[in-house]
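Got the viewer open? Set it to a cartoon view, and we'll take a short walk from the whole chain down to a couple of side chains.

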Amino acid sequence: MGGADYEYMCSSCHLKPGLEESDMSIGLYPQPPNLSISHETHQHGTDEELARQNFWVIKHGIKASGMPAWGKTHSDERIWAMVAFIKRLPTLTPEQYQVLTAID
């Protein structure tokens, strides 16, 4: 469910499978993480803790970083769907990503 939202709201900064950079990701400082690749070596905590952290960041944003607070316009349910999609994102091929992010 979170794929279409990720494509529309996140992919220009946090990228998608097959992309290493975009005009937006290059221009932001600090540079946003590429969520389409695995960051397991940098991950601290359990999957549940990482999911809660991702939820908080998506909902509340990060001050002075370019990361907006999507909780003002999106329900918790919708944000959790994006969290679930982000968890799966590094395992997707570009073709799978295209299918999962297509808007009907």
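Start with the cartoon and trace the protein chain along its sequence: the pattern reads α-α-α-α-α-α. That gives 6 helices and 0 strands, and keep in mind as you look around that this is a predicted model. The radius of gyration is 13 Å, close to the 13 Å that the globule rule gives for 104 residues, so the chain is as compact as a globular protein of that length.

Next, show just the C-alpha trace and turn it about its principal axes. The span is about 30 × 30 × 30 Å. If you draw contacts between residues at least 6 apart in sequence, 50% of them join residues at least 24 apart.

Now switch on the surface. The accessible surface comes to about 7,200 Å², and carbon and sulfur atoms hold 56% of that. Buried residues account for 33% of the 104 in the chain.

Color by charge next. You'll find 8 positive and 13 negative charges, and the mean positions of the two sets sit 9 Å apart.

Last stop: select Cys10 and Cys13 and show their side chains as sticks. Are these two buried or exposed? Cys10 counts as buried because its relative accessibility is 9%, and Cys13 counts as buried too, at 16%. How many disulfides does the structure hold? The count is 0. For Cys10, the closest cysteine sulfur is the one in Cys13, and at 8.3 Å that is too far for a bond, since a disulfide needs the sulfur atoms within 2.5 Å. Cys13, likewise, is in no disulfide.

How values were computed:
Residues are numbered from 1 along each chain as its sequence is written. This is a predicted model: local features need pLDDT of at least 70, side-chain atom pairs count only at pLDDT 80 or more; totals for chains, interfaces and linings use all residues. Side-chain values use heavy atoms; hydrogens and water are left out. Helices (H or I, at least four residues) and strands (E, at least two) are DSSP runs, numbered from the N terminus. The radius of gyration is taken over C-alpha atoms; the globule rule is 2.2 Å times the number of residues to the power 0.38. Buried means under 20% relative accessible area, exposed over 50%, partly exposed in between (1.4 Å probe, protein chains only). Contact means heavy atoms within 4.5 Å. Accessible areas come from the Shrake-Rupley method with a 1.4 Å probe; for residues, only the protein chains shown count as cover. Lys and Arg count as positive and Asp and Glu as negative; His and the chain ends are not counted. The place of a charge is taken as NZ of Lys, CZ of Arg, CG of Asp or CD of Glu.
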